[in-house]
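Biologist: I'd like to learn how to read a protein model, one feature at a time. Can we start with what the words mean and then look at the case in front of us?

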Amino acid sequence: MANLYDILAGGFPVDRTKPAFLLIDGSAISYAELEAGAAQIAGHLVASGVAPGDRVGLQAEKSVEAVMIYLGVLKAGAVFLPLNSAYTRAEVDYFIGDAAPRVFVTDAQAFRAEADAADPLLKTAERADHHLASLIYTSGTTGRSKGAMLSHGNLAANARALHEVWGFTPDDVLLHALPIFHVHGLFVALHCAFLSGAPMVWLTKFDDAQVMAGLARSTVMMGVPTFYTRLLANPNFTREKAAHMRLFICGSAPLLESTFAEFEERAGMRILERYGMSEAVIITSNPLGGARIAGSVGYPLPGVELRIGGGDDTGVIEIRGPSVFSAYWRMPEKTAEEFTADGFFITGDVGRQDPDGRVWISGRAKDLIISGGYNVYPKEIELVLDALPGVTESAVIGAPHPDFGEGVVAVVIGAGFGPGDEAAMIAACRRQLAAYKAPKRIIFVDDLPRNAMGKVRKNLLRDRYTDLFKAG
Ligand code: AMP
């Protein structure tokens, strides 16, 4: 029973002058500065009336100050609510209405500076395992986003398991190029570094030249499949560039077997693929020591029970374990629907499991699109398109994309569309939606394929447009 902050800080190096962040300009930010920043922010939050359990939202660009805010929120016993920096005003309004944060930060640097006027909070607020640490919104297929409630116990259990199975030590240096509003960059990456007191090569976004330079002084990289395809697309990425590395980890979307094979050939190392989601952080991982197999996401982490629902070999993956969230924020019915009577969470991912426990994911029960590592829910885009002048109906699908994994494609029925309308419609989507959600292509058709019940058969559309991004 402890506040996650104290568990993470328990891994900080004894010599706090050691670097926590190695920045691209050659400077560093020490663990002492990180700790002091978190204490100032916690003190400022408490002085502003934030009580344990209150939500504190953050929508800002990736920065060291944003990490200090995350840690300060934990230290004060409050609940961290990170939001994608690409969300539009209308999207943010929904999250604010639903989560009712006491404080909402949009400028991390200014907030950090303000906090200097407060007395630092020296004693971490007491929290028990079941107390809420973070609220992570995962858009729902029905259009309403759900807030996955992750407790101090959930996050601590996952952090400890990953630190162990991936063999982190204080000698590691983690290359951090992921966004920190999502569980991958926020919990998986930061917690592994903190628990081992290791420094991070800190990149505010993925840039292949910067990543290649960073690899020379790193030992571990965590990435989404797009990171790996971008590295491979750069002819300068050679075996020498990866020579200092011990481990490349990949997840958040399926890694193509071709990427795995090409990476092994070019870098001389096998990518370690793992599987996770906002509701449980990491669920399975290929082994550090044993076989890393292309197309498989490996074995359930220690303490995770995993089974295939439905009685067939292949079915929806169900999980139970210490990192699995307890409920969706203020949605008791939705929560009840997604758990079985014996307490397993129904992930919505379809897969199978070998007799020795190894897991293979074959698809998604829902029509989620993953583009560049970000989840895109077709329904949300369809609603925007359908409201545009002249549009009768739309169907949004993902088509294989060499760079993004999947590219968002909208198939639209409407009257009188001509040249120029595609670009105008994409622009209209971009005004209302985060850029990564906007369709990359819009195709105008006279009708959509449907089943007997009138439902659009998206699998046929996916087949029809499977080569859309291949040419050129
Ligand atoms: P999120 O909640 O945004 O982290 O998205 C979680 C979803 O990403 C999962 O339910 C899976 O559908 C997908 N996912 C994550 N990792 C993998 C992986 N290694 N292979 C296939 N799908 C994955």
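Modeller: Sure, and let's begin with a definition: buried means under 20% relative accessible area, exposed over 50%, and partly exposed in between, using a 1.4 Å probe and protein chains only. Also keep in mind that this is a predicted model, where local features need pLDDT of at least 70, side-chain atom pairs count only at pLDDT 80 or more, and totals for chains, interfaces and linings use all residues. Residues are numbered from 1 along each chain as its sequence is written, and side-chain values use heavy atoms, with hydrogens and water left out.

Biologist: Okay, is D54 buried or exposed?

Modeller: D54 counts as buried because its relative accessible area is 16%. You'll find D54 in the loop between α2 (31–47) and β3. Those names come from DSSP runs, numbered from the N terminus: helices are H or I with at least four residues, strands are E with at least two.

Biologist: What does the side chain of D54 reach?

Modeller: Here you need the idea of a polar contact: a pair of N or O atoms within 3.5 Å; within protein, one must be able to donate a hydrogen and the other to accept it, and residues adjacent in sequence count only if both atoms are side-chain atoms. The side chain of D54 reaches the backbone nitrogen of A51 at 2.8 Å. For plain contact, the rule is heavy atoms within 4.5 Å. Not counting residues up to four places away in sequence, D54 touches G49, A78, V79 and R102.

Biologist: Now helices. Which residues of α4 are buried?

Modeller: In α4 (residues 89–99), the buried ones are E91, V92, F95, D98 and A99. Looking down the axis of α4, these buried residues fall within an arc of 130°, so they line one face of the helix. That arc is taken from the directions from the helix axis to the C-beta atoms. On the other side of α4, R89, A90 and G97 are exposed.

Biologist: And what covers the buried residues of α4?

Modeller: The cover includes the strands β3 (55–58), β4 (79–82), β5 (103–105) and β6 (132–138), along with the helices α12 (378–386) and α13 (421–432). Right after α4 comes A100, whose phi is positive, near 45°.

Biologist: Can we try the same reading on α5? Which of its residues are buried?

Modeller: They are A108, F111, R112 and A115. Down the axis of α5, the buried residues fall within an arc of 100°, so here too they line one face of the helix. Their cover includes α2, α3 (64–75) and β5.

Biologist: What caps the N-terminal end of α5?

Modeller: D107 does: one of its side-chain oxygens lies 3.2 Å from the backbone nitrogen of Q109. Another residue to look at is A110, which lies in α5 (residues 108–115). A110 counts as partly exposed because its relative accessibility is 34%. A110 and E65 are 45 residues apart in sequence, yet 9.1 Å apart in space, C-alpha to C-alpha.

Biologist: Let's turn to the ligand. How many residues surround the ligand?

Modeller: A residue is near a molecule or strand if one of its heavy atoms lies within 4 Å of it. By that rule, 15 residues surround the ligand, and the closest are E273, R274, S278, D349 and N375. Strand β12 (residues 272–277) gives the most to this shell, with five residues.

Biologist: Which atoms sit opposite each other there?

Modeller: Take the side chain of D349: one of its N or O atoms is 2.5 Å from an oxygen atom of the ligand. The side chain of H182 has an N or O atom 3.0 Å from a ligand oxygen. With R274, a backbone N or O atom lies 2.8 Å from a ligand nitrogen. The protein covers 93% of the 500 Å² of accessible area that the ligand has on its own. Such areas come from the Shrake-Rupley method with a 1.4 Å probe; for residues, only the protein chains shown count as cover.

Biologist: One last residue: where is T347 found?

Modeller: T347 is in strand β17 (residues 345–353), and T347 counts as buried, at 7% relative accessibility. The side chain of T347 reaches the backbone nitrogen of D349 at 3.1 Å. Leaving aside neighbours within four places in sequence, T347 is in contact with Y275, M277, V316, I317 and I319.
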